[in-house]
Structure formats: structure tokens, C-alpha cells
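User: I am new to this structure and would be grateful for a close look at a single part of it, set in the context of the whole.

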Amino acid sequence: MAITQKRLCGPSMLTASTATYYTVPSSTTTIVKQILITNTTASSKTATIRLKPLNVAEANTHDILSNITVNANETLAFNCSMVLINNGNAASNTTSDQITFLCSANTALNVTIFGIEES
């Protein structure tokens, strides 16, 4: 059993439509330890982070942080211990938990996710 500390995503610019930024790989359990969101613009923007469980339609009931404001040129650090799983032999919408983001404006916020993968 391998335990690997790693950058799970990013830095990646968020989009104004919901997009997946991390999908648990096959035969893996992931612990998300920190999410950094940086506003690279001169005005406040908002972001929503969701933990979408495997094999369900995404909904606002999955919000971890909902419509959180990130001020101009600010970095927000969200420290956590979220356990995500993969329940199959592939990394997909139906077998993997996923982390998705939504931003109030394209190319305004970037995200970096750090954690541990156990396979």
C-alpha cells in the first residue's frame, strides 16, 4: 500500500461554469488537506467548491464552500481532512468522488489542491 503526499491539482484557473478539478484515481483513497484559492485580479470574486460523490448528479447540496468571496489579490487557504474514495477500477464520474469548482468570472481565481493518495 503506497501513501503519497502530492499536489492533487493546479495551479489551475477556475471557470465561470462548473468544472471538475480532481477525480480520485482507480483503486485509491484520497485525503484532501488544503485548498488554496488565489484572486489574481483587482476586484473581489466568488468561488464555490463542491465534493461530488461518485455516481450522483452534481447539486448545490454538495457545496463545501458556497459563494465564498476572495478579495482582490488575496489568497484564501482552506485547511481540511476530506476523505474521497474510488469505488471501482477506473477514475470516472460513476466510480470516483470528485472536487468541482465554480467561479464568478473566468480567469480570475486560480486553485491549488494538496493532499494524500493511498493506493
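In which strand is Asn67 found? Please begin with that residue, and then describe what surrounds its part of the chain.

Analyst: Asn67 is found in strand S5. The model is a predicted one, and every value below is computed from it.

The backbone at Asn67 deserves attention. Asn67 has a positive phi of about 55° although it is not a glycine. Most residues other than glycine have a negative phi, and most peptide bonds are trans. A second residue other than glycine with a positive value is Asn73, whose phi is near 55°. Whereas Asn67 belongs to strand S5, Asn73 is placed in the loop between S5 and S6. Asn73 counts as exposed, because its relative accessibility is 58%, and exposed means over 50%. A further backbone feature concerns the peptide bond itself: Gly10 and Pro11 are joined by a cis peptide bond, with omega at about 5°. Pro11 is part of strand S1.

Strand S5 covers 63-70, and it is among the elements that give two or more residues to the largest nonpolar core. That core has 24 residues. Besides S5, the elements contributing two or more residues are S1, S2, S3, strand S4 (45-52), S6, S7 and S8. The most comes from S6, which gives five residues. Within the core, the residues with the most contacts are Val32, Ile35, Ile37, Ile99, Phe101, Val111 and Ile113. In soluble globular proteins, nonpolar side chains tend to be buried together.

A polar link leads from Asp63 to Arg50, a residue of strand S4. The side chains of Arg50 and Asp63 are joined by a polar contact of 2.5 Å. A polar contact of 3.2 Å also joins the side chain of Arg50 to that of Glu58. Arg50 counts as buried, because its relative accessibility is 14% and the cut-off for buried is under 20%. Not counting residues up to four places away in sequence, Arg50 touches Thr18, Glu58, Ala59, Asn60, His62, Asp63, Ile64, Gln98, Ile99 and Thr100. One of these, Ile99, is also among the core residues with the most contacts.

From here the description can turn to Phe101, another of the core residues with the most contacts. At 1% relative accessibility, Phe101 counts as buried. Leaving aside its neighbours within four places in sequence, Phe101 is in contact with Leu14, Ser17, Thr18, Ala19, Tyr21, Ile35, Ile37, Thr48, Ile49, Val111 and Ile113. Four of the residues in that list, namely Ile35, Ile37, Val111 and Ile113, are likewise named among those with the most contacts inside the core.

The contact with Tyr21 is also an aromatic one. A pair of aromatic rings is described by the distance of the centres and the angle of the planes. The model has one aromatic pair: Tyr21 and Phe101 meet edge-to-face, at 5.5 Å centre to centre and with 85° between the planes. Tyr21 lies in strand S2 (residues 19-23) and Phe101 in strand S7 (residues 98-103), so their pairing ties together parts that are 80 residues apart in sequence. Tyr21 is buried too, with a relative accessible area of 15%.

Several of the core residues also have a place in a sheet. Four strands form an open sheet in the order S1-S8-S3-S6, and the pairing is antiparallel. Strand S1 (3-13) and strand S6 (75-85) stand at the edges with a single partner strand each, so one side of each is left without a neighbour in the sheet. On average, neighbouring strands of this sheet are turned by 15° against each other, direction ignored. Strand S3 (residues 29-39) pairs with strand S8 (residues 109-118) over 10 bridges, and Val32 has Gly115 as its bridge partner in S8. S3 also pairs with S6, over nine bridges in the antiparallel sense; there, the bridge partner of Ile35 in S6 is Phe78.

Finally, the loop between S6 and S7 contains Thr94. Thr94 is partly exposed, with a relative accessible area of 43%. Thr94 and Leu54 are 40 residues apart in sequence, yet 5.2 Å apart in space, C-alpha to C-alpha. Setting aside neighbours within four places in sequence, Thr94 is in contact with Leu54 and Asn55.

Notes. Residues numbered from 1 in each chain as written. Predicted model: local features only at pLDDT ≥ 70, side-chain atom pairs only at ≥ 80, totals over all residues. Heavy atoms only, no water. Pairing = 2+ DSSP bridges. Axes fitted to C-alpha atoms, helices over the stretch in contact; angles between N-to-C directions. Phe/Tyr/Trp six-rings, centres within 6.5 Å; stacked < 30°, edge-to-face > 60°. Buried < 20%, exposed > 50% of the residue type's maximum accessible area, 1.4 Å probe, protein only. Core = buried A, V, L, I, M, F, W, Y, C linked by side-chain atoms within 4.5 Å. Contact = heavy atoms within 4.5 Å. Polar contact = N/O pair within 3.5 Å; in protein donor to acceptor, adjacent residues only side chain to side chain.
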